[in-house]
Amino acid sequence: MVKIGNIELPDFPLLLAPMEDVSDPPFRRLCKEYGADLMYSEFISSEGLIRDAIKSKMKLDIFDYERPVGIQIFGGDEEAMAMSTEIVAAVKPDLVDINFGCPVKKVVSKGAGAGVLKDVDLMVKLTEACVRSTDLPVTVKTRLGWDNDSINIYEVAERLQDVGIKALSIHGRTRAQMYKGEADWAPIAKVKDNPRIHIPIFGNGDIDSPQKALEYKNRYGVDGVMVGRASIGNPWFFREIKHFVKTGEILDPPTLQDRIEAVRKHVIWSCEWKGDRTGILEMRRHYANYFKGVDHFKPFRTKLVQLPEKDDVLGVLDEISEHYLA
Ligand SMILES: Cc1cc2nc3c(=O)[nH]c(=O)nc-3n(C[C@H](O)[C@H](O)[C@H](O)COP(=O)(O)O)c2cc1C
């Protein structure tokens, strides 16, 4: 068993990574159905939360069936982080996660996200401010360092543990790498090996097959893995990893019928949560991933990304079913 504060997770838990515009409640519901053990919200701006921005507030929605679930915040100001931790804690997630990994210029230039990897003292202060503001477990997600010449995850892990974080997820890239190159998990293993470190260490970056998940578990000794991109349009990935780790066998991939049914649920839940108009618009980014590799799919995809009405989109799903499965 792996424990984050009082939260009990199974051995080698699988975490759904926080992903802006992806890991919202409808998508999380699917990932939960298919075996994600711990999930995170999209990142939320601490300044936005304090200003009461609608987009930030909506990201606070969590549902009992998805527990344990963490809400992730980012920011570069101690007071704003403390206040937003209180706002987050009031909606009763299972944990609060701090994003010290976002590489985007707009975030980094405000000293937030991966920006603080250049200023570990500030990182520690921001973390302390969050930990002080809630009784919930606080966790952190970060990268190896700012760039290849300044890998400081070893110091970061010790200092953040010392101020009270309850788990650390490490994306095996530097900020300078953005999403390029390959994630390097050797420094993650070194953090895990440090006898001073007693909190769970989760590895993240490039897990794209069940085999790789097991190989990295064995090779790097992490307490669990966090999966991002490979789950997009593929919430079955968690179940596939679990099955492989347990039995050494690869599960059959989801059938086209499974994919159609998952998309149907995703559409319905998105519309329920965001309203039909936004729900349909925001679903458009998902279809290509769900239907990857389906022959001659283009005419259906075109309709899916153009039709504005929910009923028409659901009708296209019926057409897909009739066309390929009848
Ligand atoms: C579309 C997208 C949105 C992301 N948004 C966030 C975010 O809000 N917070 C965060 O900590 N990381 C975010 N990330 C980074 C992922 O959580 C993860 O660290 C990264 O994708 C590497 O893992 P992977 O190789 O399994 O995708 C995002 C990544 C993607 C692809």
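Mentor: A residue is buried if 20 or more other C-beta atoms lie within 10 Å of its own, exposed if 12 or fewer, and partly exposed in between, with C-beta atoms placed from the backbone. The model here is predicted, so local features need pLDDT of at least 70 and side-chain atom pairs count only at pLDDT 80 or more, while totals for chains, interfaces and linings use all residues. Residues are numbered from 1 along each chain as its sequence is written.

Trainee: What makes strand E6 largely enclosed?

Mentor: Six of the six residues of E6 meet the cut-off for buried, so the rest of the structure largely encloses this strand. Leu 95, Asp 97 and Asn 99 are buried on one side, and Val 96, Ile 98 and Phe 100 on the other, so both faces are covered. The name E6 comes from DSSP runs, numbered from the N terminus: strands are E with at least two residues, helices H or I with at least four.

Trainee: How do you know that strand E5 and E6 pair?

Mentor: Two strands pair if DSSP finds at least two bridges between them. Strand E5 (residues 69–74) and E6 have four bridges, in the parallel sense. In one of these places, Gln 72 has Asp 97 in E6 as its bridge partner.

Trainee: Which strands make up the closed barrel?

Mentor: The barrel has eight strands, in the order E3-E4-E5-E6-E7-E8-E9-E10, with parallel pairing. On average, neighbouring strands are turned by 25 degrees against each other, direction ignored. Axes are lines fitted to C-alpha atoms, for helices over the stretch in contact, and angles run from 0 to 180 degrees between N-to-C directions. Strand E9 (residues 201–204) and strand E10 (residues 224–227) have three bridges, so they too pass the cut-off for pairing. Phe 202 has Gly 224 of E10 as its bridge partner.

Trainee: Which strands does helix H8 touch?

Mentor: Helix H8 (residues 186–193) touches strand E8 (167–171) and E9, and its direction makes about 175 degrees with that of E9. Touching means contact: C-beta atoms, placed from the backbone, lie within 7 Å. Helix H6 (residues 120–132) lies across E6 and strand E7 (138–143), at about 165 degrees to E6.

Trainee: Why is helix H1 called largely enclosed?

Mentor: Seven of the nine residues of H1 (residues 25–33) are buried, so the rest of the structure largely encloses this helix. Among them are Phe 27, Arg 28 and Lys 32. The cover over the buried residues includes strand E3 (14–16), strand E4 (38–45), helix H10 (237–247) and helix H11 (256–274).

Trainee: What makes Arg 277 exposed?

Mentor: Arg 277 has 12 C-beta neighbours inside 10 Å, and the cut-off is 12 or fewer, so the residue counts as exposed. Arg 277 lies in helix H12 (residues 276–283).

Trainee: Why does the largest nonpolar core lie between domain 1 and domain 2?

Mentor: A nonpolar core is a set of buried Ala, Val, Leu, Ile, Met, Phe, Trp, Tyr and Cys residues joined through C-beta atoms within 7 Å. The largest one has 83 residues, and Leu 15, Leu 168, Val 225 and Val 227 touch the most other members. Domain 1 (2–247) and domain 2 (256–325) both give residues to this core, so it lies between them. The bounds come from an automatic or database domain assignment. Not counting residues up to four places away in sequence, Val 227 touches residues including Leu 15, Ile 207 and Phe 237.

Conventions:
Two residues are in contact if their C-beta atoms, placed from the backbone, lie within 7 Å.
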